[in-house]
Amino acid sequence: MDEVEFMRGRVYGADHDSPGPRAGRVYVQLVGGPLDGLLLDVTDLTERERGRGVVLATEIGRYGPGGRSAYGPRPDDRLRFDWRGDVP
């Protein structure tokens, strides 16, 4: 299994021993960029916060350790956040 396949279905920030989605939570799929295929738990975000998108810490983006990747909602698909770019 390659790294991309390993990451699919995993939740961003979840415990390595329990990386999958949990019942009763709301998730969006991250599309593109270094976190492609991961799920993001948005249960506690308001609709306004979801509309603004998120900036997530990642060591595998353009800026390496300490870098972040920006994702925002698709206008026609609220269950997917598209990659907007990496930031230092």
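**Group meeting talk: a five-stranded sheet and its contacts**

Let me begin with the contacts, where a contact means heavy atoms within 4.5 Å: among those in the protein chain between residues at least 6 apart in sequence, 39% join residues at least 24 apart. Before going further, I should say that this is a predicted model, in which local features need pLDDT of at least 70 and side-chain atom pairs count only at pLDDT 80 or more, while totals for chains, interfaces and linings use all residues. Residues are numbered from 1 along each chain as its sequence is written, and side-chain values use heavy atoms, with hydrogens and water left out.

On overall dimensions, the C-alpha atoms of the protein chain fill a box of roughly 30 × 30 × 20 Å along the principal axes. The radius of gyration, taken over C-alpha atoms, is compared with a globule rule of 2.2 Å times the number of residues to the power 0.38; for 88 residues a compact globule would come near 12 Å, and the 13 Å of the protein chain agrees with that. The accessible surface is about 5,700 Å², of which 51% belongs to carbon and sulfur atoms, as computed by the Shrake-Rupley method with a 1.4 Å probe, and for residues only the protein chains shown count as cover. Of the 88 residues, 33% are buried, where buried means under 20% relative accessible area, exposed means over 50%, and partly exposed lies in between, with a 1.4 Å probe and protein chains only.

Turning to the secondary structure, the protein chain has 2 helices and 5 strands, and along the sequence they follow the pattern α-β-β-α-β-β-β. These elements are DSSP runs, numbered from the N terminus, with helices being H or I of at least four residues and strands being E of at least two.

How are the strands ordered in the sheet? The sheet is open, has 5 strands in the order 2-1-5-4-3, and shows mixed pairing, where two strands pair if DSSP finds at least two bridges between them. Strand 2, residues 39-41, and strand 3 are the edge strands, each pairing on one side only. Neighbouring strands of this sheet are turned by 35° against each other on average, direction ignored; the axes are lines fitted to C-alpha atoms, for helices over the stretch in contact, and angles run from 0 to 180 degrees between N-to-C directions.

Walking across the sheet in that order, strand 2 and strand 1, the latter covering residues 27-31, run antiparallel and are joined by 3 bridges, with D41 of strand 2 as the bridge partner of Y27. Strand 1 then pairs with strand 5, residues 77-87, in the parallel sense over 3 bridges, and here V31 stands opposite D82. Strand 5 and strand 4 are antiparallel over 7 bridges, P73 standing opposite F81 of strand 5, and a hairpin of 2 residues joins strand 4 to strand 5. Finally, strand 4, residues 68-74, pairs with strand 3 in the antiparallel sense over 4 bridges, where S69 in strand 4 is the bridge partner of L56.

In a regular strand the side chains alternate between the two faces of the sheet. Along strand 3, residues 54-57, V54 and L56 point to one face and are buried, whereas V55 and A57 point to the other and are not. A57 itself is partly exposed, with a relative accessible area of 49%, and, not counting residues up to four places away in sequence, it touches Y12, G67 and R68.

Which residues form the largest nonpolar core? That core has 10 residues, namely V28, L30, L35, L38, L40, V42, V54, L56, Y71 and F81, and strand 1 and strand 3 each supply at least two of them. A nonpolar core here is a set of buried Ala, Val, Leu, Ile, Met, Phe, Trp, Tyr and Cys residues joined through side-chain atoms within 4.5 Å.

Two further residues deserve a moment. R50 sits in helix 2, residues 47-52, and is buried, at 17% relative accessible area; leaving out residues up to four places away in sequence, R50 touches V26, V42, T43, L45, P73, R78 and F81. P88, by contrast, lies in the segment after strand 5 and counts as exposed at 62% relative accessibility. P88 is 25 residues from Y63 in sequence, with their C-alpha atoms 5.7 Å apart in space, and its contacts beyond four places in sequence are with Y63, G66, G67 and R68.
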